[in-house]
Structures are given as C-alpha cells and as structure tokens.
Amino acid sequence: MDPAGAEVSPEDLIIAVEEMVRHVRRGATAGGLSTAASSALARLGREGPHRLTELARAEAVSQPNMTQLVTRLERAGLVRRAADHRDGRGVLVEATDAGLEVFRRRRAERAEALRQLVDALDESEQRAVRTALPALARAIRDRQDITRTVDVTGEKAT
C-alpha cells in the first residue's frame with residue numbers, strides 16, 4: 001500500500017523499479033562503459049574469473065557478442081584472458097586491477113545515486129526501502145539457489 005492507503009499494482013512497482021535502476025545506472029560514469037560492459041565487468045568483479053561461455057550465459061548474450069565485448073574490455077585494459085588451470089584447453093576471463101578499480105568506482109557512484117534518492121524520502125519511507133530492497137535481493141538469491149539445485153532431469157535435487 002502507498003502512504004495514502006491505496007493498493008500499488010505490480011505494474012506500478014515495476015515502473016518504479018525501472019525508473020530507479022535507470023537513475024542509479026546513469027549515476028555510474030567511471031570508465032565510460034556501456035550497460036553490457038559494466039554488467040560483465042561487475043560480474044567478474046563480484047564472482048571472479050569465468051569461462052567465456054559461462055560469462056555469456058550468465059549475462060544472457062550470445063557467445064559471439066560476449067567475445068566482442070571481452071575483446072573491447074581487453075583492449076581497454078579492464079579484463080584479460082588467462083589459462084584455466086583446471087583445464088589446460090580452457091580460457092578464463094578475469095578483471096585486471098584497472099578493471100576492478102573501475103568496478104569499485106562504478107559501484108560507489110551507483111551507491112551514491114541510490115543514497116541521494118533514499119535521503120530524499122521521509123523517515124518511514126527510508127525504513128521501508130531499507131527493509132524492502134534487502135528482502136527482494138534475498139528472494140532473488142533464493143530463486144537462484146533453487147534453480148541451481150535442479151538437476152538435468154528438471155526435478156529438484158534433494
């Protein structure tokens with residue numbers, strides 16, 4: 001419910017989320033990266049090295065598109081390809097120190113943009129946001145955990 005007591009529809013919520021995400025993304029300018037490049041670099045910064053195919057799958061893009069993106073990031077000095085020590089034939093993509101610095105700066109910029117939005121709210125709205133956002137993040141992680149436990153037959157693993 002909104003403060004006036006009226007129901008907020010799921011459509012209204014998604015519009016609010018989309019506006020918030022756009023605002024926060026616009027606040028991140030370090031490195032001059034595209035949304036796709038920023039997302040891939042952020043994943044490497046959070047999760048560590050990935051095989052190119054894993055990174056493409058995680059970012060929901062084709063392998064050729066991810067190859068082009070990684071090549072651009074590599075030329076900019078933000079990522080490098082390294083041998084996969086678990087499989088000598090494989091190649092991992094990892095963030096460089098410069099890439100990790102850009103990732104940290106962009107995260108700080110996004111955090112500041114969100115802080116400014118939250119600071120503009122009254123105290124009860126701030127509490128609601130500080131409760132709701134972590135709860136939504138937890139729900140997302142829980143869904144991802146469930147997806148990971150599904151075996152190849154499509155049934156949940158026990």
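A contact means heavy atoms within 4.5 Å. With that in hand, the overall fold can be described.

**Overall picture**

This is a predicted model. Its chain has 158 residues, and 23% of them count as buried. Among contacts between residues at least 6 apart in sequence, 46% join residues at least 24 apart. The chain exposes about 11,000 Å². Carbon and sulfur atoms supply 54% of that area.

The secondary structure comes to 6 helices and 3 strands. Read from the N terminus, the order is α-α-β-α-α-β-β-α-α.

**The core**

In soluble globular proteins, nonpolar side chains tend to be buried together. Here the largest nonpolar core has 19 residues. Leu33, Leu41, Met66, Val70, Leu73, Val79 and Val93 have the most contacts inside this core. Five elements are named as giving at least two residues each: helix 2 (35–47), helix 3, helix 4, strand 3 (91–95) and helix 5 (97–119). Helix 2 gives the largest share, 5 residues.

What does Val79 touch, leaving aside neighbours within four places in sequence? Its partners include Leu41, Val70, Leu73 and Val93. Leu44, Glu74, Glu94, Ala95 and Thr96 are in contact with Val79 too.

**Three residues by accessibility**

The table sets out three residues, with their places and relative accessible areas.

| Residue | Place | Relative accessible area | State |
|---|---|---|---|
| Ile14 | helix 1 (residues 10–26) | 43% | partly exposed |
| Thr67 | helix 4 | 28% | partly exposed |
| Ala60 | loop between helix 3 (52–58) and helix 4 (63–75) | 70% | exposed |

Ile14 belongs to a nonpolar surface patch of about 280 Å². Ile15, Val17 and Val21 make up the patch with Ile14. Why can Ile14 be part of a surface patch? Patch residues need over 30% relative accessible area. Ile14 has 43%, so Ile14 passes that cut-off.

Thr67 sits in helix 4. Not counting residues up to four places away in sequence, Thr67 touches Leu52 and Arg81. Thr67 and Ala56 are 11 residues apart in sequence. Their C-alpha atoms are 8.4 Å apart in space. Thr67 counts as partly exposed because its relative accessibility is 28%, between the limits of 20% and 50%.

Ala60 has a phi near 60°. That is a positive value in a residue other than glycine. Most residues other than glycine have a negative phi. Ala60 lies in the loop between helix 3 and helix 4. Is Ala60 buried or exposed? Ala60 is exposed, because its relative accessible area is 70% and the cut-off is over 50%.

Methods:
Residues are numbered from 1 along each chain as its sequence is written. This is a predicted model: local features need pLDDT of at least 70, side-chain atom pairs count only at pLDDT 80 or more; totals for chains, interfaces and linings use all residues. Side-chain values use heavy atoms; hydrogens and water are left out. Patches are made of residues with over 30% relative accessible area and no salt bridge: like charges are joined within 9 Å, nonpolar side chains (Val, Leu, Ile, Met, Phe, Trp, Tyr) within 5 Å. Accessible areas come from the Shrake-Rupley method with a 1.4 Å probe; for residues, only the protein chains shown count as cover. A salt bridge is a side-chain nitrogen of Lys or Arg within 4 Å of a carboxyl oxygen of Asp or Glu. Helices (H or I, at least four residues) and strands (E, at least two) are DSSP runs, numbered from the N terminus. Buried means under 20% relative accessible area, exposed over 50%, partly exposed in between (1.4 Å probe, protein chains only). A nonpolar core is a set of buried Ala, Val, Leu, Ile, Met, Phe, Trp, Tyr and Cys residues joined through side-chain atoms within 4.5 Å.
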